[in-house]
Amino acid sequence: MSKDDNRRMLLEKTLKENNYQGSALLEILHKAQGIYGFLSKDLLMDISQSLNLPPSHVFGVATFYSFFNLTKPGEHIVTGCMGTACYVKGVDDIMQAIEREFNIKRGETRADGKLSLFVTRCIGACAMSPAIVVDAEVIGKATKEIVIERIKQVLGGAKE
Amino acid sequence: MKLADLQTIAEHEVDFQRAYKYRINVCCSSGCVPFGAFKVLEAFQEAVKEFGVERECKVARTGCVGTCSVGPVVVIEPGDYIYQNVTPEKVREIVRDHIVLGLPVKGMLYSNEAFFKKQKRLVLRNAGKIDPYRIQDYIAMGGYSALVKCLATMTPQGVIYEVSSSGLRGRGGAGFPTGQKWSLVARGHGSPKYIVANLDEGDPGVFANRTLAEADPHAILEGMLIAAYAIGAEKGYIYIRAEYPLAIQTLQRAIAQAKSMSLLGSSILETPFKFGVELRLGAGAFVAGEETAILASVEGRRAMPRPRPPYPANSGLWGKPTLIQNVETLANIPQIVLNGGLWFSKIGTPKCTGTKCFSLTGKISNPGLIEVPMGITLREVVFDIGGGVQENGKFKAVLVGGPSGGCLPETLLEQPIDYESLKKVGAIMGSGGIVVLDNHSCMVDTAKFFTEFCVDESCGKCTPCRAGLPRVKGIFDAITQGDGRMEDIATLEKTGVYIRDASLCGLGQTAPNPVITTLRYFKDEYIEHIVKKRCKAGKCFKKEAKP
């Protein structure tokens, strides 16, 4: 069985568990993003047909909520917390340093597909602010130097 | 399970816990986990075995103690010794000295009595003390006995009466009297009735609800159950941010455990009462915390508010009467039922009873999660509990109520914290965020930051918010890039008031608060930016590469 069939089967299972109900759209989009990594146009069309919802409704919901990714993220993901506490403690300076160092803009994925730089509104590590997430690791009380070093490390590992 | 069985479980559990001389509570909530709390937990489990003290030491994973800035945090009972910045390497020494030799390791202790002295922990009473993954821990602390009391001895009207007389008001921010809300939903026509517990803590910088869910999930469930009994609801949803994986996991587990003990489901505790709870995940939309938007989101639609009336109490989820309540409000309920509304009404101020949880962050010495009685002053919170501004900084302002709250100057620090007093000075209770700013923050830049947040989060439905906020942002861009004009100040003031007065929902109505309050209290900074093109904090007038 190919990887695609496998994923489709998992999606089908989720659809079935929710009785193909339109009201479960958010749950299904969450699961679908978990399975596929992001929500492609084809995938959204598929979900729209399975739930018997107009594509406009499904696209509308998927684009309304910032948690859903409609493009493929990079191999490594760096997320800056733009919550109030982190902002007050200077996360913006760190983000600008990352942008300069790695030639990337926030919200973007680098053309080589290695790195995405995102911002999020609060990961809740406010007492440890500023916080930057590199892949799954939260770096609390972050500084430019520490974060850039860590990103270099993960990118270096990816080169093989 | 029957009513009497609960008592047996509680007694059993208390005996079980008494068998241990020490209890080592390792905080494993979202504040401490990223910094290695699980490894510390493992290290303790191994160390107590290594020293052969596993029979006298119960090592437990618990929720948040509140001192989130010095995590991972470990508390050893008896005596509530708080160890800070614990790493797996330090664990052997702690077990050897504290447990085996009976000598607490002074150098590692968090010694800051002031942080706890003025707090009053009602909602967070179990936080950091019980294992949120074990329902037995909650039952041993008297958990679910309030539900038993309701089912066995009280009528639904009796429960509503107690809640009304407690004076409890909604902790989500608006401060609507809870008892009144319950009687509205109880009288609403239509069935089934629903409950939506609001855990969509979208305010950046606020983590009180998450901490509660991670530390004491059953308090939320018990509050929902009692509310369901009082208003006649059969089904409840907890709407929680997807960004809170640990809280989601904790709640899922709590729901499963409550089900397996027939505390959720049909014929709860062998009575005719039935109630089911499901989680619904948000997906990153600040506006989804608004009560009509949350309904749309639970129904699988875009989280866009709608005009009221009809109010959710009459026409909520799928057109049925629905009670929407913040989880902190719900977590107060069991204690109100157990101790009576009168007891609760004596805490806090006469108009604003009880306590409130706040996340205390920013440029402050002791950031963390606190719970204080209503009516405490901002000065007490910032300087006594929070320990004042971090070294090398000078107090400038305190932001109360999240991105749509107000920035208050030092002269207003004597303001008591309650819904009316905060509103009077232009701030809001919001969901409980207090951020301290020092002289390194620019008030113009801060107001711009919050405006940008609200521009991003505006759902786009009503024009004042959708079109007005970007206009405000445009003016801020001009001022902070050196193109400001004096008449901009009047335009900001006017536009802010328009947006506040004409927007459909709470987001738009409160979005101009930071602008209005910074203009009110820090106008000289605006003028300095416009006339002298100077930013004392050094935040503005940076050359930004235009995209």
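1. A good place to start is chain A: the C-alpha centres of its domain 1 and domain 2 are 30 Å apart. The domain assignment places domain 1 at residues 3-64 and domain 2 at residues 76-159. Please keep in mind throughout that this is a predicted model.

2. Next, have a look at where the two chains meet. Chain B contributes 37 residues to the contact, and chain A contributes 31 residues. On the side of chain B that touches chain A, the elements giving two or more residues are β9 (355-362), β13 (433-438) and α17 (443-457). By class, this side of chain B has 18 nonpolar, 13 polar and 6 charged residues.

3. Within chain B, helix α8 (residues 178-187) packs against helix α10 (residues 217-231) at an angle of about 50°, and their axes lie 8 Å apart. Angles from 35 to 65 degrees fall in the oblique class, so α8(B) is oblique to α10(B). From α8(B), Trp182(B), Val185(B) and Ala186(B) meet Ala227(B), Ala230(B) and Ile231(B) of α10(B). The contact between these helices holds 6 nonpolar residues, with no polar and no charged ones.

4. You will meet α10(B) again in the largest nonpolar core. Among the 224 residues of this core, those touching the most other members are Phe44(B), Val196(B), Ile226(B) and Ala227(B). The element that gives the most to the core is α10(B), with 11 residues.

5. Finally, Ile226(B) is worth a click. Leaving aside residues up to four places away in sequence, Ile226(B) touches Ala146(B), Leu147(B), Cys150(B), Val159(B), Ile333(B), Pro334(B) and Val337(B).

Conventions:
Residues are numbered from 1 along each chain as its sequence is written. Chains are lettered from A and ligands numbered from 1 in the order in which they are written. This is a predicted model: local features need pLDDT of at least 70, side-chain atom pairs count only at pLDDT 80 or more; totals for chains, interfaces and linings use all residues. Domain bounds come from an automatic or database domain assignment. Axes are lines fitted to C-alpha atoms, for helices over the stretch in contact, and angles run from 0 to 180 degrees between N-to-C directions. Helices (H or I, at least four residues) and strands (E, at least two) are DSSP runs, numbered from the N terminus. Angles under 35 degrees count as roughly parallel, over 145 as roughly antiparallel, 65 to 115 as roughly perpendicular and the rest as oblique. Two residues are in contact if their C-beta atoms, placed from the backbone, lie within 7 Å. Ala, Val, Leu, Ile, Met, Phe, Trp, Tyr, Cys and Pro count as nonpolar, Asp, Glu, Lys and Arg as charged, and the others, Gly among them, as polar. A nonpolar core is a set of buried Ala, Val, Leu, Ile, Met, Phe, Trp, Tyr and Cys residues joined through C-beta atoms within 7 Å. A residue is buried if 20 or more other C-beta atoms lie within 10 Å of its own, exposed if 12 or fewer, and partly exposed in between; C-beta atoms are placed from the backbone.
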